[in-house]
Amino acid sequence: MVGLGDVEAFFALRARYKKWRNPERIVTNTAQRFIRLFEAHGIARAQIPRFFGHNLTIHQVEDETELLKSLDTDILDAAATLFGVKLEWLEGGSEELYELKHFYKQPKLFGDWLNSILNAAGGNSVDGWLLTTKFMADEYDALILMREQVAEIGNEPIYRYHFCELWIYGYWKCRADIAACIAQAWRRNCYVSGRMISPDQFHKLTSLNHIPDSDNEQTSIRGRRFQAEDLTTDPKFYSRNIGEGQFGIDNAVALWLDYHQQGLMDSGFGCHERVFRELLQK
């Protein structure tokens, strides 16, 4: 026989389970978000005044109450611009740190965007990753994540990150667009390497709620490496695991050739039009 105590214990256990499954949002203030932004980029609290300036002192950054008194719209705007995050996130008006840049069906805009970044970077390096993971079909499972060096501290580079579209890697239209973006990056000496990461890590990054490649945020980019540039040179690698069978492969190769004619597939490794045409003719 089930007693009242058993019923209460059951509901208490269920309540704890729901709380574990749906944890309460951690409330943070602007000072805490400000400190998190710097620390996640590899800058310790005491280094912020020397690195960032804006008349901040060590006493202020070490004391949350004092920091809150000092933060104004100019400081918040400068910090958001420096790290490429949303000002609204620093102000507490958004849970997402980053804007997602869109290049689907318009990969030429990726090259134009890179030109603007390189011109503004003043010689600082720009590189990135093609991140993929294992999903079911028709789900986003790829991300181009670029990083731009904005400074150094203690001989360590400090980066600003750019989220460049979410893709369905097995979809033939996305495969061609991804390859065109990779080609344009490599042509500009912005080397994009491939990494296969876990679904959990992929979800965490693509939530746009975390700063990438940070030990503090548990977002370090690790996983099996692959040569992303092979999408621009190797038709067998390019067509691997494309959905919709031969129809998908044929259309993916045809779109690769179309982008090649537009000058978007030159990654600096020579012309590979012939080997792609041969795959289409088989």
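These legends walk through several close-up views of a predicted model.

**View 1. The rings of F103 and W113 form a tilted aromatic pair.** Searching the whole structure turns up 17 aromatic pairs. A pair of aromatic rings is described by the distance of the centres and the angle of the planes. Here the centres of F103 and W113 are 6.1 Å apart and the planes meet at 50°, so this one counts as tilted, since that word covers angles that are neither under 30 degrees nor over 60. The two residues sit ten apart in the chain, and their pairing links distant parts of it: F103 belongs to the loop between β1 (100-101) and α8 (108-121), while W113 is in helix α8 itself. Both F103 and W113 are buried.

**View 2. F226 and F237 make another tilted pair.** This time the rings are 6.3 Å apart, centre to centre, with 40° between the planes. Distant parts of the chain are linked here too, with F226 in strand β6 (residues 224-226) and F237 in helix α11 (residues 235-239), eleven residues along. F226 and F237 are both buried.

**View 3. Five Phe residues gather in one aromatic cluster.** Look for F34, F38, F51, F52 and F83, which together make up the group.

**View 4. Two arginines sit over tyrosine rings.** R147 lies over the face of Y159, at 4.1 Å from the ring centre. Over at Y169, the ring has the charged end of R175 above it, 3.9 Å from the centre.

**View 5. Q149 is a buried residue in strand β3.** The strand covers residues 142-153. Q149 has a relative accessibility of 14%, so it counts as buried; the cut-off for that is under 20%. Leaving aside residues up to four places away in sequence, Q149 touches N124, S125, P157, I158 and Y159. That last neighbour, Y159, is also the ring that R147 lies over.

**View 6. Helices α8 and α9 pack against each other.** Two packed helices are described by the angle between their axes and the distance between the axes. For α8 and α9 (residues 172-187), the angle is about 30° and the axes are 8 Å apart. That makes α8 roughly parallel to α9, because angles under 35 degrees get that label. The crossing of α8 past α9 is right-handed. Where they meet, α8 brings K108, F110, G111 and L114, and α9 brings C181, Q184 and A185. Helix α8 is also home to W113, the partner of F103 in the opening view.

Methods:
Residues are numbered from 1 along each chain as its sequence is written. This is a predicted model: local features need pLDDT of at least 70, side-chain atom pairs count only at pLDDT 80 or more; totals for chains, interfaces and linings use all residues. Side-chain values use heavy atoms; hydrogens and water are left out. Rings of Phe, Tyr and Trp (its six-membered ring) pair if their centres lie within 6.5 Å; planes under 30 degrees apart count as stacked, over 60 as edge-to-face and the rest as tilted. Helices (H or I, at least four residues) and strands (E, at least two) are DSSP runs, numbered from the N terminus. Buried means under 20% relative accessible area, exposed over 50%, partly exposed in between (1.4 Å probe, protein chains only). A charge sits over a ring if NZ of Lys or CZ of Arg is within 6 Å of the ring centre and within 35 degrees of the ring normal. Contact means heavy atoms within 4.5 Å. Axes are lines fitted to C-alpha atoms, for helices over the stretch in contact, and angles run from 0 to 180 degrees between N-to-C directions. Angles under 35 degrees count as roughly parallel, over 145 as roughly antiparallel, 65 to 115 as roughly perpendicular and the rest as oblique. A crossing is left-handed if the near helix is turned anticlockwise from the far one by less than a right angle, and right-handed if clockwise.
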